[in-house]
Amino acid sequence: MRTPLVIGNWKLHGSTAEVEALISALGAKSGVETAVCPPYVYLSQARGLLAGSAVGLGAQNCAAEKSGAFTGEVAAAMLADVGCEYVLIGHSERRTLFAETDAHTVAKVGQALDAGLQPVLCVGETLEEREQGHTLDVVLGQQNAVLDAFTAEQLGPLVLAYEPVWAIGTGRTASAEQAQEVHAAMRAKVSEYSQHLADGVRILYGGSVKPGNAQELFAQPDIDGGLIGGAALVADDFMAICQAANGGSA
Ligand code: PGA
């Protein structure tokens with residue numbers, strides 16, 4: 001049985017006051033693993049506010065290198081040091097706006113694993129790629145880059161997130177069937193590397209998840225939770241989505 005996981009990706013939002021207000025309004029939901037990913041500068045503040053809570057902490061990115069002359073970068077080991085358990089890697093905004101390639105995601109996953117973090121590898125196709133029938137080529141290509149670079153044992157902590165680029169922040173969600181089709185293909189591909197890894201790996205869906213569509217998405221057999229952007233900035237919405245990941249029961 002895979003424990004559902006719901007992660008809030010706060011992106012470039014927040015202030016000390018907003019971090020305090022938002023985290024104070026969050027609580028853990030039984031049967032669901034939850035985490036929030038504030039901007040780097042608020043991680044330590046968030047860690048303090050989350051003390052004693054079952055809500056976990058993650059970062060939105062990490063450096064591809066361990067340490068050295070890389071001005072402006074933050075290492076995975078530093079994230080672990082300030083109390084992170086997860087790190088998002090290869091979010092489509094990183095890939096498209098910051099020119100991250102599969103080589104970067106592979107290096108970052110390696111750093112995250114070395115630091116004892118759970119890397120959350122984000123994959124997804126653009127609208128154009130979907131319309132041209134390339135969805136699975138793109139998604140599985142991004143996924144295989146990482147699967148090819150590590151052993152199944154090393155990848156035990158890996159989390160996958162399918163985030164169709166056309167559904168992120170657009171209010172346009174993949175239908176439950178569209179998402180399930182891709183998630184099933186992702187899991188089938190992982191099983192070619194390791195059946196054990198395929199059975200255990202959580203595959204999250206992300207892209208305009210809201211309280212109103214979460215339950216149908218999470219009811220799909222290969223959707224193990226969500227990566228939530230906009231709705232994670234509204235405590236009640238995020239909590240309702242976490243509840244939906246537990247089949248709707250509190
Ligand atoms: P969204 O973002 O929920 O605002 O669409 C999801 C994400 O980018 O992780």
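These exercises work through helix packing, nonpolar cores and backbone angles in a predicted model.

**Exercise 1. Helices α5 and α7**

Task: Determine how α5 and α7 are oriented to each other, and which residues of α5 meet which residues of α7.

Solution:
- Step 1. Two packed helices are described by the angle between their axes and the distance between the axes.
- Step 2. Locate the pair. Helix α5 spans residues 102–114, and helix α7 spans residues 135–147.
- Step 3. Take the geometry. The packing angle is about 45°, and the axes are 9 Å apart.
- Step 4. Classify the angle. Under 35 degrees would count as roughly parallel, and 65 to 115 as roughly perpendicular. The two helices, α5 and α7, are therefore oblique to each other.
- Step 5. Give the hand. α5 and α7 cross in a right-handed sense.
- Step 6. List the contact. From α5 come D102, T105, V106 and V109; they meet G141, Q142, A145 and V146 of α7.
- Step 7. Sort by class. The contact of α5 with α7 has four nonpolar residues, three polar and one charged.

**Exercise 2. Helices α10 and α11**

Task: Do the same for α10 and α11, from angle to residue classes.

Solution:
- Step 1. Helix α10 covers residues 211–218, and helix α11 covers residues 235–245.
- Step 2. They pack at about 20°, with axes 8 Å apart.
- Step 3. Angles under 35 degrees count as roughly parallel. So α10 and α11 are roughly parallel to each other.
- Step 4. The crossing of α10 past α11 is right-handed.
- Step 5. α10 contributes P211, A214, Q215 and F218 to the contact; α11 contributes D237, A240, I241, A244 and A245.
- Step 6. The classes are seven nonpolar, one polar and one charged in the contact of α10 with α11.

**Exercise 3. The nonpolar cores**

Task: Describe the largest nonpolar core, then find what M186 is in contact with.

Solution:
- Step 1. In soluble globular proteins, nonpolar side chains tend to be buried together.
- Step 2. The largest nonpolar core here has 65 residues. V6, L155, M186, Y205 and F218 have the most contacts inside it.
- Step 3. Helix α11 gives the most to this core: seven residues.
- Step 4. Set aside sequence neighbours within four places. M186 is then in contact with V123, V139, L140, Q143, L160, Y162 and I203.
- Step 5. Another core lies apart from the largest one. It has twelve residues, including I7, L88, A161 and L227.

**Exercise 4. Two residues in helices**

Task: Are Q143 and S92 buried or exposed?

Solution:
- Step 1. Q143 lies in helix α7. S92 is in helix α4, residues 92–97.
- Step 2. The cut-off for buried is under 20% relative accessible area. Q143 has 1% relative accessibility, so Q143 counts as buried.
- Step 3. S92 has a relative accessible area of 11%, so S92 is buried.
- Step 4. Leave out neighbours within four places in sequence. Q143 is in contact with L121, V123, L160, M186, K189 and V190. S92 is in contact with L97, V165 and I168.

**Exercise 5. Positive phi**

Task: Where are K11 and A99 found, and what is the phi of each?

Solution:
- Step 1. Most residues other than glycine have a negative phi.
- Step 2. K11 has a positive phi near 55° and is not a glycine. K11 sits in the loop between β1 (5–9) and α1 (16–24).
- Step 3. A99, also not a glycine, has a positive phi of about 55°. A99 lies in the loop between α4 and α5.
- Step 4. Exposed means over 50%. A99 has 55% relative accessibility, so A99 counts as exposed.

Note on methods
Residues are numbered from 1 along each chain as its sequence is written. This is a predicted model: local features need pLDDT of at least 70, side-chain atom pairs count only at pLDDT 80 or more; totals for chains, interfaces and linings use all residues. Side-chain values use heavy atoms; hydrogens and water are left out. Axes are lines fitted to C-alpha atoms, for helices over the stretch in contact, and angles run from 0 to 180 degrees between N-to-C directions. Helices (H or I, at least four residues) and strands (E, at least two) are DSSP runs, numbered from the N terminus. Angles under 35 degrees count as roughly parallel, over 145 as roughly antiparallel, 65 to 115 as roughly perpendicular and the rest as oblique. A crossing is left-handed if the near helix is turned anticlockwise from the far one by less than a right angle, and right-handed if clockwise. Contact means heavy atoms within 4.5 Å. Ala, Val, Leu, Ile, Met, Phe, Trp, Tyr, Cys and Pro count as nonpolar, Asp, Glu, Lys and Arg as charged, and the others, Gly among them, as polar. A nonpolar core is a set of buried Ala, Val, Leu, Ile, Met, Phe, Trp, Tyr and Cys residues joined through side-chain atoms within 4.5 Å. Buried means under 20% relative accessible area, exposed over 50%, partly exposed in between (1.4 Å probe, protein chains only).
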